[in-house]
Amino acid sequence: MSSSKILDKNPSQIQTLPSVEFWKEVGQVTGGTLLSIMLLSTAAISGGLVGLAISFRDLPDVRQLRNFFPTETTYIYDIQGKLLARIHGEANRQVVPLDAISPNLKRAVLASEDSNFFEHHGINPVGIGRAAITNFVAGGVREGGSTITMQLVKNLFLSQKRAVTRKIAEAVLAIRLEQVINKDQILEMYLNQVYWGHNNYGVQTAARTYFNKSAANLTLAESAMMAGLIPAPEEYSPFVNMKLAKQKQKEVLGRMLELNWISQQEYNDALNQKIKLGKIKSFQGSALPYVTNTVAQEIIKKFGREALLKAGMRVQTTVDTNFQLMAEDTIKKWHRTLESEGIYKNQMALVAIDPRTHFVKALVGGIDAKTSEFNRATQAQRQPGSSFKPFVYYTAFASGKFTPNSTILDTPVSYRDGSGWYYPRNYDNSFMGAISIRTAVALSRNIPAIKIGKAVGMDKVIETCRTLGIMSPMVPVSSLPLGAIGVTPLEMASAYATFANYGWQSPATIIARVTDSSGNVLLDNTPKPQLVLDPWASAATLDVMQSVVNEGTGRGAAIGRPVAGKTGTTSSEKDIWFIGTVPQLTTAIWVGRDDNRQLAHSATGGGTVAPVWRDFMQKALKDVPVERFQPPSKFPRPKSN
């Protein structure tokens, strides 16, 4: 590609870039003596560099830049493509190709930093000579005389400390680099590498920060202001000092006019253009912190922390922003409501999953992400109480020995427990005698759940939990069916979603797709469901859980359409739950305190949490058609072993 093409010049407005002859003319104007000294100096320096290039064998190998990939910011988007967050290490950068950068900015940077860029071979003898004189007079390094190529190798390979030896190293590396890659590549690399202030590296992030637009769309006025930032970005920043920024802009435009790269009219128009600033974005927080923090953890597990901070990934989540905000608003509203009812210092978590894909549709890790970053939806291990019981009953149905109508005795029982005895009780301390499994689930009776667990084997119950993705430590003790383990709301929502999909499961995820900055797919979470549970037993579990809402402890969750769900209340009311599902959406809601103290004596999953679930689901399912669950009769019943 030629220099005229890379600069995207209009021949009627922009002439050829200045040559050495041009500088000779400048020398005649400023005085022949200065020109003579500069030429003598540059001749000596240029000749010396040939020898130095041989002796500097310990300098970095510039050939590695052929495969150089700068660190880039990772961008996280919602399912509709709305930007949620930028995640990066030290460098906030988005790399763009040279043809996606405004010709105005390319001209402005070249005019300001290296107008002979397309004529030299890495070093500019005139510039070096001028710098040598300045530095000699000053008695130290005051002027660099660096070309864009020299600046690039300095940024990539060398320290920022000013010294004569470093300048020589810059020159040697610049000459080598121009023998390895072409001018287009050098300019593209430079524009994407240079620091523009406020933690913006590269033209794209800088353009979006300073002017809220892509680098491709920068005007001449904006381009000149940005080019003027390069020597001292924070000092000349229009966010810091607009007067100084305008002064630097005028200097750059003046240089472009002097070079005949712009017309007088363009110069005047650019100076008079009103600059509309954007916002400093590099350290802005996430629009949806609970979502993006969960995404970040998944990315780290899959690719590592370095990749998250530096690899420039584009992450599409499974969450719609408006849907997530609705979920967050619902939780905040009910937090205040429960406080007014005497349930003080309550925290809440909500996870909603599409059971057909296992895509997370909403994830709320607390009442306010700004006051607490702890994500209770994914990180809090809390006891599920009676919401654990469906895992016990599913295991019974999958054994082929039980149906929803099988009879179980709700009568006193005791079990040997170490050196003592365990006497399980029901929540109301009563006994109902012979009842069906459907009734036992609907009314959340404890003793029948323990007896069923004993009948099928607690090890089998644990096996079911592992299949459903619940990995918390479990011991096959008599009290296991009552949920005396630690689980997260995400685990519970995912497990119930597998029931709702009749045993078909994909890994629950909040990430739909990950690409690199060039669009190459790194991770594709298109659902690939596997049948992990028995369909009949899953349908039977859904069937008895519908009775919970229709006639049992979960009546507060009724929403005028088929719902399967289960309440959960632990001893001393420390954790209360409602987890419920329709065929299109499964939602788990947990309420508790971070200090693990009792919420209130009257707090239960049915009375306290089911109304929260109902409120959320009525909003979530607006305009979603009513669907019924498939009955167990649609599937073959497993044979008894």
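Reader: Let's start with the sheet. In what order do its five strands run, and is the sheet open or closed?

Author: To read a sheet, you follow which strand sits beside which. In this predicted model, the five strands line up as β2-β1-β6-β14-β15, giving an open sheet with mixed pairing.

Reader: Which strands are at the edges?

Author: Look for strands that have a partner on one side only. Here those are β2, covering 83–87, and β15, covering 521–524. Going from one strand to the next, the twist averages 15°.

Reader: Can we zoom in on one pair? In which sense do β6 and β14 pair, and over how many bridges?

Author: They're antiparallel, with four bridges joining β6 (residues 314–317) to β14 (residues 511–515). For a single rung to find on screen, take R314: its bridge partner in β14 is T515.

Reader: Now helices. At what angle do α4 and α8 pack?

Author: For two packed helices, you compare the directions of their axes and how far apart those axes are. Helix α4 (residues 103–113) meets helix α8 (residues 183–193) at about 90°, and the axes are 12 Å apart. Angles of 65 to 115 degrees count as roughly perpendicular, so α4 is roughly perpendicular to α8.

Reader: Which residues meet there?

Author: From α4 come K106, V109, L110 and E113, and from α8 come L187, Y190 and L191. Sorted by class, this contact has five nonpolar residues, two charged ones and no polar ones.

Reader: Let's try one residue. Where does T149 lie, and is T149 buried or exposed?

Author: Find helix α6, residues 148–157, and you'll find T149 in it. Burial is read from relative accessible area, with under 20% counting as buried. T149 has 0%, so T149 is buried.

Reader: What does T149 touch, beyond residues up to four places away in sequence?

Author: Its contacts are F117, H120, G122, A174, L177, E178 and I186. Take E178 as a case of sequence versus space: T149 and E178 are 29 residues apart along the chain, while their C-alpha atoms are 7.7 Å apart.

Reader: And the whole chain? How many helices and strands does it have?

Author: There are 23 helices and 19 strands in the protein chain. Of its 641 residues, 55% are buried. Among contacts with a separation of 6 or more, 71% link residues 24 or more positions apart.

Reader: What about the accessible surface?

Author: That comes to about 28000 Å² for the protein chain, and carbon and sulfur atoms account for 51% of it.

Conventions
Residues are numbered from 1 along each chain as its sequence is written. This is a predicted model: local features need pLDDT of at least 70, side-chain atom pairs count only at pLDDT 80 or more; totals for chains, interfaces and linings use all residues. Side-chain values use heavy atoms; hydrogens and water are left out. Two strands pair if DSSP finds at least two bridges between them. Axes are lines fitted to C-alpha atoms, for helices over the stretch in contact, and angles run from 0 to 180 degrees between N-to-C directions. Angles under 35 degrees count as roughly parallel, over 145 as roughly antiparallel, 65 to 115 as roughly perpendicular and the rest as oblique. Contact means heavy atoms within 4.5 Å. Ala, Val, Leu, Ile, Met, Phe, Trp, Tyr, Cys and Pro count as nonpolar, Asp, Glu, Lys and Arg as charged, and the others, Gly among them, as polar. Buried means under 20% relative accessible area, exposed over 50%, partly exposed in between (1.4 Å probe, protein chains only). Accessible areas come from the Shrake-Rupley method with a 1.4 Å probe; for residues, only the protein chains shown count as cover.
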